[in-house]
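Me: Could you take a close look at one part of this model for me? I would like to understand one of its helices, how it sits among its neighbours, and what the rest of the chain adds to the picture.

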Amino acid sequence: MTKSFGARLSAAVAHHGPVCVGIDPHRELLAAWELPETPEGLEQFAEICVEAFDGLVAIVKPQVAFFESFGSAGIAVLERTVSVLRASGTLVLADAKRGDIGTTMAAYARTWLHDESPLCSDAVTVSPYLGFGSLEPALQLAQDNHHGVFVLAATSNPEGPQVQNAINPDGRTVSQTIVDEVAARNAGSDHLGSVGVVVGSTLVSAPDLTKLNGPILMPGIGAQGGGPDDVRRLVGDALHGVLPSVSREVLREGPSVSALRAALTKSQESFAFLNS
Ligand SMILES: O=c1ccn([C@@H]2O[C@H](COP(=O)(O)O)[C@@H](O)[C@H]2O)c(=O)[nH]1
């Protein structure tokens, strides 16, 4: 792989539009799809999602937690899901939200970003709340291997602001310092940088993202109450790299592949105003 993640993402978004779709096998969704709550049911769920989304969307975001909860058999399903999507050219963002001291972070980075790992994905979500510097092993490995990293900045959940809106001695919010650290990593890149941030679509206000030069994953669309008007309100329509992320709102239309595709297409149409 010779192109950076940012360049590959830009090309995929130019082709398919900016929406990121999640594979979130909630137990309630397995039941609604009349699938057993077993690794076999999980596998069928993932296979239906792959059939529905592959080739139709720029980037797919499997939520790792729902696979891990089935133990090693669930991880095996995740491995197969990631590798089938990537083999056909669909970008995969593993939503693993890893964060730890640097030495342990290096092991997480190897799992999600090393080309020889069975779980290797195009990008992974990480948490900077052990200090931005603790993410260095992931940022470095991503850069070396042309992968991407999405750093949690201002999350979509109502509990996030308690930590993320705290004010630093220099007057910036914690989330703004995270955005600024990411902007510094992307500075100098003549195309979209490969380090992104996560900014919820449910927020009252967003950090200043104008200097980011990197992708902005915006979860919280649909089931959590966010929508196109919120994305426009929070980031405008001029920023490049905005990726509205939707899971349950689309997945609830399953298990019919055509209904899943129709729901994804509807979501993509509603975000067509975003710059690619
Ligand atoms: O701030 C964040 C970061 C990640 N997520 C994840 O996105 C999806 C949202 O699912 P919906 O069904 O569309 O609500 C899920 O995997 C979360 O873990 C987030 O919601 N907010």
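Reply: Happy to help; what follows is a walk along helix H12, then its neighbour H3, and then some other places in the chain.

A word on confidence comes before the details. This is a predicted model, with a mean pLDDT of 97 for the protein and 99% of its residues at 70 or more. The scores for the model are ipTM 0.99 and pTM 0.98.

Let's begin with H12 itself, which runs over residues 257-270. Does the geometry fit a helix of that length, or does it depart from it? With 14 residues at 1.5 Å a residue, H12 should span 20 Å, and its end C-alpha atoms are 20 Å apart, so the two values agree. Within H12, the buried residues are Leu 260, Ala 263, Leu 264 and Ser 267. Viewed down the axis of H12, these buried residues fall within an arc of 95°, so they line one face of the helix. The general rule behind such a pattern is that an α-helix has 3.6 residues a turn, so residues three or four places apart point the same way. Turned away from the buried side of H12 is a face that carries the exposed residues Ser 258, Lys 266 and Glu 269.

What do the buried residues of H12 pack against? Their partners are strand S1 (20-23), helix H3 (39-53), strand S8 (242-246) and helix H11 (248-251). The loop between H11 and H12 holds Pro 255, and the peptide bond from Gly 254 to Pro 255 is cis, with omega near 5°.

Now for H3, one of the partners of H12. H3 has 15 residues, which at 1.5 Å each should span 21 Å, and its end C-alpha atoms are 21 Å apart, in agreement. The buried residues here are Leu 42, Phe 45, Ala 46, Cys 49, Ala 52 and Phe 53. Around the axis they cover an arc of only 125°, so they lie on the same side of H3. The cover over the buried residues of H3 includes S1, H2, strand S2 (59-62), helix H4 (64-68), helix H5 (71-87) and H12. H12 and S1 thus appear in this list, while S1 and H3 are both among the partners of H12.

The backbone on either side of H3 is worth a look too. In the loop between helix H2 (27-32) and H3 sits Glu 34, whose phi is near 55°, a positive value in a residue other than glycine. Glu 34 counts as exposed because it has 9 C-beta neighbours inside 10 Å, and 12 or fewer is the cut-off for that class. Just after H3, Gly 55 has a positive phi of about 85°.

S1 has a neighbour in sequence worth noting: the loop between helix H1 (5-16) and S1 contains Pro 18. Pro 18 is buried, with 28 other C-beta atoms within 10 Å. The C-alpha atoms of Pro 18 and Leu 251 are separated by 18 Å, with their positions 233 residues apart along the chain.

For another helix to set beside these, try H6, residues 102-113. Its 12 residues, at 1.5 Å a residue, should span 16 Å, and the end C-alpha atoms are 15 Å apart, which agrees. Met 105, Ala 109, Trp 112 and Leu 113 are the buried residues of H6. They cover an arc of only 75° around the axis, and so are on the same side of H6. Thr 103 and Ala 107 are exposed on the other side of H6; Ala 107 earns that label because it has 11 C-beta neighbours inside 10 Å. The buried residues of H6 pack against strand S3 (91-98), strand S4 (123-126) and H7. In the loop between helix H7 (136-145) and strand S5 (148-154) is His 146, with a positive phi near 60° in a residue other than glycine. His 146 is partly exposed, with 18 other C-beta atoms within 10 Å.

Finally, the ligand. Around the ligand are 18 residues, of which Gln 63, Thr 155, Pro 219, Ser 247 and Arg 248 come nearest. By class, this shell has 5 nonpolar, 10 polar and 3 charged residues.

Key
Residues are numbered from 1 along each chain as its sequence is written. This is a predicted model: local features need pLDDT of at least 70, side-chain atom pairs count only at pLDDT 80 or more; totals for chains, interfaces and linings use all residues. A residue is near a molecule or strand if its C-beta atom, placed from the backbone, lies within 6 Å of it. Ala, Val, Leu, Ile, Met, Phe, Trp, Tyr, Cys and Pro count as nonpolar, Asp, Glu, Lys and Arg as charged, and the others, Gly among them, as polar. Helices (H or I, at least four residues) and strands (E, at least two) are DSSP runs, numbered from the N terminus. The expected span of a helix is 1.5 Å times one less than its number of residues. A residue is buried if 20 or more other C-beta atoms lie within 10 Å of its own, exposed if 12 or fewer, and partly exposed in between; C-beta atoms are placed from the backbone. The arc is that of the directions from the helix axis to the C-beta atoms. Two residues are in contact if their C-beta atoms, placed from the backbone, lie within 7 Å. pLDDT is the predictor's confidence in each residue, from 0 to 100.
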